Amino acid sequence: MISPFIQSHTPDNNPHGGHYSHCCTAGGFVFISGQLPITKEGIKLVNVSFEEQVKQVLENINECLISANTTRNMLAQIRVYITDVDNWPIFDKIYADWIGGHKPARAVLNVPQLHYGVAIEAEAVALVAS
């Protein structure tokens, strides 16, 4: 049976900056909203290295997965927005270390700017763990 829509706020993640949920589950999938490099205390990591921003974004995605009772190995797709395509190799290395051997579908898009002046944002879709 397909699970009903369940809105899931992530208590161990950063405060909401707008009218949305960090992640929601529906139909056996977990939909993770765009995650910025913002700590769970609400600190926007604008003036830190790209590497630190990437690690925070991936930590935020992981918190969403945990709140939905699933894991990185259940990720089906991830979409990443970066403001400087020259940072792609840095992102790819940190991401590969974070995700391990699992290789979900992925897109990395170069964009002119992101909210608060951060350098990266990522959204994802995962399967609900059975």
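**Figure 1. Contact between helices α1 and α2.** Phe50, Glu51, Val54, Lys55, Leu58, Ile61 and Asn62 of α1 touch Ile90, Phe91, Ile94, Tyr95 and Trp98 of α2. By residue class, this contact holds 9 nonpolar, 1 polar and 2 charged residues. The model shown here and in the other views is predicted. Two packed helices are described by the angle between their axes and the distance between the axes. Here, α1 spans residues 50-67 and α2 spans residues 88-99. Their packing angle is about 35 degrees, and the axes lie 10 Å apart. The crossing of α1 past α2 is right-handed.

**Figure 2. The whole protein chain.** The chain has 2 helices and 6 strands. Their order along the sequence is β-β-β-α-β-α-β-β. Of the 130 residues, 40% are buried. The accessible surface amounts to about 7,100 Å². Carbon and sulfur atoms supply 56% of that surface. Among contacts with a separation of 6 or more, 69% join residues 24 or more positions apart.

**Figure 3. Aromatic side chains of helix α2.** The structure has 3 aromatic pairs. One aromatic pair is Phe91 with Tyr95. The ring centres of Phe91 and Tyr95 are 5.3 Å apart, with 25 degrees between the planes. This pair counts as stacked, because planes under 30 degrees apart fall in that class. Phe91 and Tyr95 sit 4 residues apart in α2, so about one helical turn separates them. Both Phe91 and Tyr95 are buried. Trp98 joins Phe91 and Tyr95 in one aromatic cluster. Phe91, Tyr95 and Trp98 also take part in the contact of α2 with α1.

**Figure 4. The Phe29 and Phe31 pair.** The ring centres of Phe29 and Phe31 are separated by 6.1 Å. Their planes stand at 45 degrees, so the pair is tilted. Phe29 has a relative accessible area of 34% and is partly exposed. Phe31 is also partly exposed, at 40% relative accessibility.

**Figure 5. Leu75 and its surroundings.** Leu75 belongs to strand β4, which covers residues 75-82. Its relative accessibility is 3%, so Leu75 counts as buried. Leaving out residues up to four places away in sequence, Leu75 is in contact with Leu65, Trp98, Ile99, His102, Pro104, Ala124, Val125 and Ala126. Of these partners, Leu65 lies within the residue range of α1. Trp98 and Ile99 lie within that of α2. Ala124, Val125 and Ala126 fall in β6, residues 120-127. Leu75 and Val128 are 53 residues apart in sequence, yet their C-alpha atoms are 9.1 Å apart in space.

**Figure 6. Ala76, next to Leu75 in strand β4.** Ala76 is in β4. At 34% relative accessibility, Ala76 is partly exposed, whereas Leu75 is buried. Ala76 contacts Pro104, Ala105, Val125 and Ala126, neighbours within four places in sequence aside. Ala105 lies in β5, which runs over 105-110. Pro104 is 28 residues away from Ala76 along the chain, with 4.8 Å between the C-alpha atoms. Pro104, Val125 and Ala126 are also among the contacts of Leu75.

**Figure 7. Asn87, ahead of helix α2.** Asn87 occupies the loop between β4 and α2. Its relative accessible area is 16%, so Asn87 is buried. Beyond its neighbours within four places in sequence, Asn87 touches Phe50 and Ile82. Phe50 belongs to α1 and is one of the residues meeting α2. Ile82 lies in β4.

**Figure 8. Two loop residues with positive phi.** Asn69 is not a glycine, yet has a positive phi of about 55 degrees. Asn69 lies in the loop between α1 and β4. At 62% relative accessibility, Asn69 is exposed. Tyr116 is not a glycine either, and its phi is positive at about 65 degrees. Tyr116 sits in the loop between β5 and β6. Tyr116 has a relative accessible area of 36%, which makes it partly exposed.

Terms used
Residues numbered from 1 in each chain as written. Predicted model: local features only at pLDDT ≥ 70, side-chain atom pairs only at ≥ 80, totals over all residues. Heavy atoms only, no water. Axes fitted to C-alpha atoms, helices over the stretch in contact; angles between N-to-C directions. Left-handed = near helix turned anticlockwise from the far one by under 90°. Contact = heavy atoms within 4.5 Å. Nonpolar A, V, L, I, M, F, W, Y, C, P; charged D, E, K, R; others polar. Buried < 20%, exposed > 50% of the residue type's maximum accessible area, 1.4 Å probe, protein only. Areas by Shrake-Rupley, 256 points an atom, 1.4 Å probe, with all protein chains shown as cover. Phe/Tyr/Trp six-rings, centres within 6.5 Å; stacked < 30°, edge-to-face > 60°.
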